Amino acid sequence: MCSPNSGAAGEGRSRKERGADTMRRVVRQSKFRHVFGQAVKNDQCYDDIRVSRVTWDSSFCAVNPRFVAIIIEASGGGAFLVLPLHKTGRIDKSYPTVCGHTGPVLDIDWCPHSDQVIASGSEDCTVMVWQIPENGLTLSLTEPVVILEGHSKRVGIVAWHPTARNVLLSAGCDNAIIIWNVGTGEALINLDDMHSDMIYNVSWNRNGSLICTASKDKKVRVIDPRKQEIVAEKEKAHEGARPMRAIFLADGNVFTTGFSRMSERQLALWNPKNMQEPIALHEMDTSNGVLLPFYDPDTSIIYLCGKGDSSIRYFEITDESPYVHYLNTFSSKEPQRGMGYMPKRGLDVNKCEIARFFKLHERKCEPIIMTVPRKSDLFQDDLYPDTAGPEAALEAEEWFEGKNADPVLISLKHGYIPGKNRDLKVVKKNILDSKPTANKKCDLINVPKKTPDPASVQNEAKLDEILKEIKSIKDTICNQDERISKLEQQMAKIAA
């Protein structure tokens with residue numbers, strides 16, 4: 001006789017089998033499914049760094065194949081550290097800094113076409129562009145190559161153009177976006193009437209023809225900066241009141257992170273040609289840290305690093321539903337204050353490294369390496385398709401005139417060897433050059449020769465004197481900072 005439960009057991013078994021079948025179907029094949037993250041050993045971290053405490057949702061860290069730059073706490077203005085990648089271990093308090101801003105530094109970005117040029121935006125309303133010596137700093141750097149002035153409030157975002165040389169974008173709390181030709185020190189495009197509220201972030205598309213922005217008014221906008229027009233926009237891309245982020249993907253779609261009305265963190269994928277509904281929308285968790293997205297166009301992987309989280313989640317973007325596929329999570333004990341992301345050409349291809357993050361703690365910077373496990377020692381060309389190299393595809397003038405070009409790609413088969421960078425030279429344009437040529441001659445003939453006005457000569461002399469005094473005070477502050485650091489170290493030794 002059959003037991004009364006045997007039918008149920010049989011039904012249960014078949015249900016289990018059915019579940020297993022479903023699971024088998026759900027587990028998607030991907031070469032990135034087993035990507036694992038690993039923090040480096042302690043002696044390969046950068047220790048004893050006073051990471052900035054400014055309440056601003058930027059990553060506070062920028063890296064390239066030569067240097068790691070970190071925004072730090074500084075007395076008497078704003079400063080950031082620039083360390084050669086090999087300069088690991090404890091960083092001396094008297095280590096030279098880049099300290100020309102008079103207010104805290106809010107954002108930094110390395111130029112993609114020169115590993116020694118970095119831009120910084122600050123609370124002092126200016127953008128400064130710096131040339132770092134080839135082997136790093138031996139003295140504090142107080143003189144930028146160029147100061148870009150045009151914002152009326154603090155500048156919280158700086159972003160270099162991906163393919164045109166010397167084109168830099170900045171966005172300020174005056175809700176304006178300015179695009180500069182750094183080679184001439186001029187503001188050539190000013191988008192000051194497109195945002196009614198604070199701009200949270202700005203992202204260029206792959207060839208730099210469009211930008212997308214996320215703003216406090218909960219709108220995501222796609223903008224053609226040269227035509228100065230909004231191409232597409234989505235109201236309430238995320239319903240929540242906390243900050244959003246929006247970045248362009250290589251295929252032209254836009255990826256956003258934000259919060260739901262119930263304060264759950266969300267990620268979404270949008271097609272700018274039709275922004276009525278998202279292609280995909282996923283809810284993640286109820287943490288309140290802003291999710292900073294880092295995107296690898298070569299592998300279509302997005303890494304999400306929450307400020308204050310102790311994890312990095314990563315997803316693969318594909319053409320098949322659900323479009324955004326969760327891969328894995330790297331977890332550690334310490335929360336992150338900020339995060340730097342290494343360009344592809346700075347990775348170790350021999351170890352199948354596909355991403356490297358520089359995680360900021362309160363007092364140190366810890367590299368985290370993401371690897372695809374492979375047994376073979378040969379170059380894995382499916383992991384490393386040709387990637388954006390350091391050569392610019394266009395000059396600034398060509399881009400401003402309307403040309404577009406994709407990034408110039410390089411192969412990583414034999415690793416990346418940094419070439420010689422050319423120095424950034426700023427050539428200020430002569431005001432006379434911008435006058436109509438026909439009038440030039442007669443203008444010069446008709447204008448009576450001016451005798452120098454004694455008052456203006458006196459004013460110029462006075463101005464020179466003030467500038468010299470400001471420079472001397474700045475130098476004194478830098479020296480005093482170093483002296484205080486040395487005394488603190490002596491005190492610490494005595495106390496120990």
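Of the 496 residues in the protein, 48% are buried. The model on screen is predicted. Colour it by secondary structure and you will find four helices and 32 strands. Contacts come next: among those with a separation of 6 or more, 54% join residues 24 or more positions apart.

**Stop 1: strand β25**

Select residues 301-306, which make up strand β25. Six of its six residues are buried, so the strand is mostly covered, with buried taken as under 20% relative accessible area. Show the side chains and look along the strand. Ile301, Tyr303 and Cys305 point one way, while Ile302, Leu304 and Gly306 point the other way. In a regular strand, side chains alternate between the two faces of the sheet. Both sets in β25 are buried.

**Stop 2: the partner β24**

Add residues 291-296, strand β24. This strand pairs with β25 in the antiparallel sense, over six bridges. To find one of the bridges, pick Phe294, whose partner in β25 is Tyr303. Then move to the turn of this hairpin, where four residues lie between the strands. Select Ser300 and check its backbone: phi is positive, near 60 degrees.

**Stop 3: the partner β26**

Now select residues 311-317, strand β26. Five bridges join β26 to β25, and the two run antiparallel. Start at Ile301 and look across to β26, where Glu316 stands opposite. β25 and β26 also form a hairpin, with four residues between them. Select Gly308 in that turn; its phi is positive, at about 90 degrees.

**Stop 4: the second largest pocket**

Leave the strands and select Arg50, Ala74, Ala79, Thr97 and Asp481 together. Of the 34 residues that line the second largest pocket, these five lie nearest its centre. The volume of this pocket is about 570 Å³.

Next, display the elements that give two or more residues to the lining of this pocket: β5 (78-84), β7 (98-101) and α4 (454-495). Which of the elements gives the largest share of the lining? It is α4, with 10 residues.

Colour the lining by residue class. The residues divide into 14 nonpolar, 10 polar and 10 charged.

Finally, colour by domain, with domain 1 as 36-388 and domain 2 as 463-495. Each of the two domains gives at least three residues to the lining of the second largest pocket.

Definitions and conventions:
Residues numbered from 1 in each chain as written. Predicted model: local features only at pLDDT ≥ 70, side-chain atom pairs only at ≥ 80, totals over all residues. Heavy atoms only, no water. 1 Å grid on protein atoms, 1.4 Å probe; cavity = no way out; pocket = protein on both sides within 12 Å on 5 of 7 lines; lining within 4 Å. Points joined across faces, edges and corners; volume = space filled by probe spheres on them. Nonpolar A, V, L, I, M, F, W, Y, C, P; charged D, E, K, R; others polar. Domains from an automatic or database assignment. Buried < 20%, exposed > 50% of the residue type's maximum accessible area, 1.4 Å probe, protein only. Pairing = 2+ DSSP bridges. Contact = heavy atoms within 4.5 Å.
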